[in-house]
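Colleague: Hi! Could you walk me through this one? I'm still new to reading structures.

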Amino acid sequence: MIIKPKVRGFVCVTAHPTGCTAHIQQQIDHVKAKGPIKHGPKRVLVIGASTGYGLASRITAAFGSGAATLGIFFERPSEEGRPATPGWYNTIAFSRAAKAAGLYAGNINGDAFSNDIKQQAIAAIAKDMGGPIDLIVYSLASPRRTHPTTGVVHKSVLKPLGAPYTNKTVDTDKGIVSEVTIEPANEAEATDTVAVMGGEDWEMWIQALGDAKLLAPGATAVAYSYIGPVHTWPIYKDGTIGTAKVDLERAARAIDAKLKAHGNGRAFISVNKALVTQASSAIPVVPLYISILYKVMKAAGTHEGCIEQMQRLFATQLYNGNSLKFDREGRVRVDDWEMRPEIQNPISEIWPQVTTENLAALTDIAGYRTEFLKLFGFGLPGVDYDAEVEPHESMP
């Protein structure tokens, strides 16, 4: 079939397998071009491995340090007349490239919150990976979680706390700038969001690996977070997501203590840059901020995507004989270039000026759209998007 992008709001409902493969290869090429990451991980578990920062971490570990990787994800394979999700094609492309390079690449498709998937992962590590895990990357982005103990289904919400929040937002598909007002979350919604996006499941993964004696001495565990600028704080840092991230930081401290007692390991939160991802596209206000951010950072020559961020984290802080650099709250900051005053001050000047009429001039909305479509395998150089392509690909 010939596959074209079909955008519905903040999601593209089609994905291109050849384009996804080309996107993966771009990221692999970047990591290889940066050279080997010395003293890197050898056996890596990535929870949330098929898109975004989790996928970039997996690529960096494999092609920067020669690591064996096990990826956990929840993706839909192709159906009759319907392509698979991009994460499905991404994982196939990564796995083929890793195996061609002689690297182990195991995959488990299912609900990472469940006890069953944790046990499947433990079985795969014990059977196939030749030793305990020395790096655990936790990068889940899910709208809901069925609690493995209680069976209760918790749903996360993207809402402010305490009072309604009004600000500019942009319809990235139509290019219309408007005001949006978001009503505050109630207590139950806030609690549910913490249950989905907080740190409990990360702790459960570490506990399960520890109980199975599959944590290597000196193991590292990292989870990803975002703080962002004042423009987005009411919907992010000070909203329901921010509350969940506070719980994620609580979990990081608890896991860090556990890993330090187990062979001087470590756990921490890496605060990453705002980027076009499937998750960020769903948050009101944030796409407008990202469109302005891209324009300013590209002009400054400091723009990075997921793979550049993760390669820098691994090469300049995690490994290569380097040490982690923490902020006052004990977080590692890979959003440091984004949060520089010379980047944030121009954004604050541009923000109140943006309208539908001047959107293209004042922001990088074109770059936002390009990056958004690349998430689904569209707009990659060298891909013939008018050619027939086979949508049905099986996991290797």
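Modeller: Happy to; we'll look at a pocket and then at some helix pairs, and please keep in mind that this is a predicted model.

Colleague: Great, pocket first. How much space lies in the second largest pocket?

Modeller: The second largest pocket holds about 410 Å³ of space. It is lined by 23 residues, and those closest to its centre are His23, Gln27, Gly305, Cys306 and Glu371.

Colleague: Which elements give two or more residues to that lining?

Modeller: Those are α1 (17–34), α2 (52–65), α9 (306–318) and α12 (365–374).

Colleague: And which one gives the most to the lining?

Modeller: That's α1, which supplies five residues.

Colleague: How many of the lining residues are nonpolar, polar and charged?

Modeller: Eleven of the lining residues are polar, eight are nonpolar and four are charged.

Colleague: OK, on to helix pairs. What do people look at there?

Modeller: Two packed helices are described by the angle between their axes and by the distance between those axes.

Colleague: Let's try α1 and α2, then. At what angle do they pack, and how far apart are their axes?

Modeller: The angle between α1 and α2 is about 50°, and their axes are 9 Å apart. An angle from 35 to 65 degrees counts as oblique, so α1 and α2 are oblique to each other. Their crossing is right-handed.

Colleague: Which residues make the contact?

Modeller: On the α1 side you'll find Ile24, Gln27, Ile28, Val31 and Lys32, and on the α2 side Leu55, Ala56, Ile59, Thr60, Phe63 and Gly64. By class, seven residues of this contact are nonpolar, three are polar and one is charged.

Colleague: I see Gln27 came up with the pocket too. What about α2 and α9, how do they pack?

Modeller: The axes of α2 and α9 lie 8 Å apart, at an angle of about 50°. These two helices are therefore oblique to each other, and they cross in a right-handed way.

Colleague: Which residues meet there?

Modeller: From α2 there are Gly52, Tyr53, Ala56, Ser57, Ile59, Thr60 and Ala61, which meet Cys306, Ile307, Gln309, Met310, Gln311 and Phe314 of α9. That contact has eight nonpolar and five polar residues, with no charged ones.

Colleague: Last pair: are α6 and α7 roughly parallel or roughly antiparallel?

Modeller: Helix α6 (residues 200–211) and helix α7 (residues 240–261) cross at roughly 20°, and their axes come within 8 Å. Angles under 35 degrees count as roughly parallel, so that is the word for α6 and α7. The crossing is right-handed.

Colleague: And who touches whom?

Modeller: α6 brings Glu200, Trp202, Glu203, Ile206 and Gln207, while the α7 residues include Asp247, Arg250, Ile255 and Lys258. The contact of α6 with α7 has eight nonpolar residues, one polar and five charged.

Colleague: Thanks, that helps a lot!

How values were computed: Residues numbered from 1 in each chain as written. Predicted model: local features only at pLDDT ≥ 70, side-chain atom pairs only at ≥ 80, totals over all residues. Heavy atoms only, no water. 1 Å grid on protein atoms, 1.4 Å probe; cavity = no way out; pocket = protein on both sides within 12 Å on 5 of 7 lines; lining within 4 Å. Points joined across faces, edges and corners; volume = space filled by probe spheres on them. Helix = DSSP H or I, 4+ residues; strand = E, 2+ residues; numbered from the N terminus. Nonpolar A, V, L, I, M, F, W, Y, C, P; charged D, E, K, R; others polar. Axes fitted to C-alpha atoms, helices over the stretch in contact; angles between N-to-C directions. Parallel < 35°, antiparallel > 145°, perpendicular 65-115°, else oblique. Left-handed = near helix turned anticlockwise from the far one by under 90°. Contact = heavy atoms within 4.5 Å.
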